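Open the model in your viewer and show it as a cartoon. The stops below go from the whole chain to single residues.

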Amino acid sequence: ETQPFLLERRPRPPYVPGKISDPDYVRIFDTTLRDGEQSPGATLTSSEKLDIARKLAQLGVDIIEAGFPIASPDDFNAVKQIADIVGNEVFDDGYVPVICGLSRANPKDIETAWNAVKGAKLPRVHTFIATSPIHMEAKLNKTPDEVVEIAVNAVKFAKSLGCNDIEFSPEDAGRSDPEFLYRILSEVIQAGATTLNIPDTTGWNMPWEFGELIKNLRENVQGAENVVFSTHCQNDLGLATANSLAGALNGARQLECTINGIGERAGNASLEEVVMALALKGATKFQGGPGTGKLYTAINSVYITPASKMVAEYTGMACQPHKAIVGANAFQHESGIHQDGMIKNKSTYEIMTPESIGLMRGDSQSGAGIVLGKHSGRNAVGTRLRELGYDLDADKLNAIFTRFKQVAERKKGGLEDDDLEALVSDQMGRSD
Ligand code: KIV
């Protein structure tokens with residue numbers, strides 16, 4: 001299929017906690033500043049966090065998880081600043097992002113999170129407690145009954161502070177007993193939770209298992225129709241994006257993710273992968289869950305590259321070159337067969353345009369285009385030489401191409417325009 005140069009955007013439904021007026025709409029919850037910052041070595045300053053929060057709002061993410069306010073006074077201040085500033089700005093399509101703070105399920109954490117976010121126009125508190133047998137026994141040393149009580153009290157406490165947008169996560173849901181999840185989630189809905197986030201905390205689930213979990217929760221949790229189900233998939237088996245999409249296919253309407261997929265251990269679901277998969281295939285391949293199955297987000301994909309670059313620079317965590325969507329090689333073509341196809345029609349080897357993610361083709365710094373290296377063919381070399389202004393006959397092109405192959409064998413990273421021009425002068429010198 002040929003993809004449009006820039007992707008079409010559909011209007012974002014109004015934000016209401018716990019409800020989405022269009023059942024095909026998928027909220028994007030970005031946790032770069034919380035789970036992402038938990039990547040070892042990815043510490044950010046308050047001003048860097050504010051810059052990233054603005055970039056996320058430009059991108060159009062519905063909810064920004066700005067941090068974990070109880071973690072330190074710095075974290076509290078950074079979340080508060082984001083809530084007070086970005087949480088009151090009106091962006092692009094007239095929307096204001098929800099600003100969320102994470103808290104464990106105890107009054108002190110919750111009050112601190114609420115105090116940090118309450119200055120935002122749309123504040124949210126996200127509270128969590130672990131529900132898997134291993135976490136309840138080994139980490140919390142609590143019985144399942146005690147865990148239910150703590151969770152219910154936490155949600156009620158957040159509500160008593162005046163917060164009407166409360167997200168609850170049963171940590172390690174991916175390894176929890178589904179029957180226990182039905183019970184605890186039914187009770188937190190009664191207590192006032194509006195979003196139920198289902199974390200596959202250890203990246204343990206296969207996509208079909210995680211999809212089934214979301215479907216079963218929607219069918220068995222009492223009051224499920226009054227809340228939004230969400231995914232939070234870690235990437236320990238490299239399945240975070242696939243699991244998030246399986247969640248959406250089965251009715252999750254909030255997906256948690258991070259720019260460049262940064263996060264604890266092997267990272268989190270990558271925002272750019274989840275969003276582009278939904279943008280390119282959401283309208284045709286997701287016939288599950290509520291609505292017509294023509295899923296969409298309100299992300300303005302042209303801001304993906306600037307957001308990715310900013311996060312890589314500020315965290316010091318560069319993307320691997322072959323990272324999907326934002327890696328340096330994601331729009332590079334080296335083999336002769338691929339380059340020949342690209343010259344004839346770009347859709348032969350690209351399923352999206354680089355421009356649709358804010359990468360400009362033709363800018364040699366951009367990483368979009370043809371790399372002239374040892375696998376390149378005559379057509380690609382001849383095309384670039386013509387673009388540089390050389391009108392060469394077949395014999396001269398053949399001779400230059402032979403030299404090109406010899407040089408390219410030894411030159412890592414491919415030949416630049418200067419190298420090609422040197423080959424032309426060399427050839428002209430020989431034939432004079
Ligand atoms: O991975 C996890 O379980 C979390 C929760 C707090 C959502 O980060």
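Start with the whole chain: its secondary structure comes to 14 helices and ten strands. This is a predicted model. Along the principal axes, the C-alpha atoms fill a box of roughly 90 × 45 × 40 Å. Of the 432 residues, 47% count as buried. Among contacts with a separation of 6 or more, 72% join residues 24 or more positions apart.

**Stop 1: the ligand**

Select the ligand and the residues that surround it: Asp35, Phe128, Ser169, Glu171, Asn197, Pro199, Thr201, His232 and Gln234. Coloured by class, this shell divides into two nonpolar, five polar and two charged residues. Which strands each supply at least two residues of the shell? Select strand 5 (166-171) and strand 6 (195-200) to see them.

**Stop 2: the nonpolar cores**

Hide the ligand shell and turn to the largest nonpolar core, which has 100 residues. The residues with the most contacts inside this core are Ile64, Ala66, Ile99, Val117 and Ala151. Pick Ala151 from that group. Leaving aside residues up to four places away in sequence, Ala151 touches Ala105, Ile129, Phe168, Ile184 and Val188.

Another core lies apart from the largest one and has twelve residues. To find this second core, select Met342, Ile370, Leu372 and Phe404, which are among its members.

**Stop 3: helix 13**

Phe404 also leads to the next selection, as one of the buried residues of helix 13. Helix 13 covers residues 394-410, 17 in number. From its first C-alpha to its last, the helix reaches 25 Å, close to the 24 Å expected at 1.5 Å a residue.

Show the side chains of Ile400, Phe401, Phe404 and Ala408, the buried residues of this helix. Now look down the axis of helix 13: its buried residues fall within an arc of 110°, so they line one face. On the other side, Asp395, Asn398, Thr402, Gln406, Glu409 and Arg410 are exposed.

**Stop 4: helix 8**

Finish with helix 8, residues 240-249. How many of its ten residues are buried? The count is ten of ten, and the helix is mostly covered. Select Ala240, Thr241, Ala242, Asn243, Ser244, Leu245, Ala246, Gly247, Ala248 and Leu249 to show these buried residues. Then step past the end of the helix to Gly251: just after helix 8, this glycine takes a positive phi of about 110°.

Key
Residues numbered from 1 in each chain as written. Predicted model: local features only at pLDDT ≥ 70, side-chain atom pairs only at ≥ 80, totals over all residues. Near = placed C-beta within 6 Å. Helix = DSSP H or I, 4+ residues; strand = E, 2+ residues; numbered from the N terminus. Nonpolar A, V, L, I, M, F, W, Y, C, P; charged D, E, K, R; others polar. Core = buried A, V, L, I, M, F, W, Y, C linked by C-beta atoms within 7 Å. Buried ≥ 20, exposed ≤ 12 C-beta atoms within 10 Å, placed from the backbone. Contact = placed C-beta atoms within 7 Å. Expected span 1.5 Å × (residues − 1). Arc of directions from axis to C-beta.
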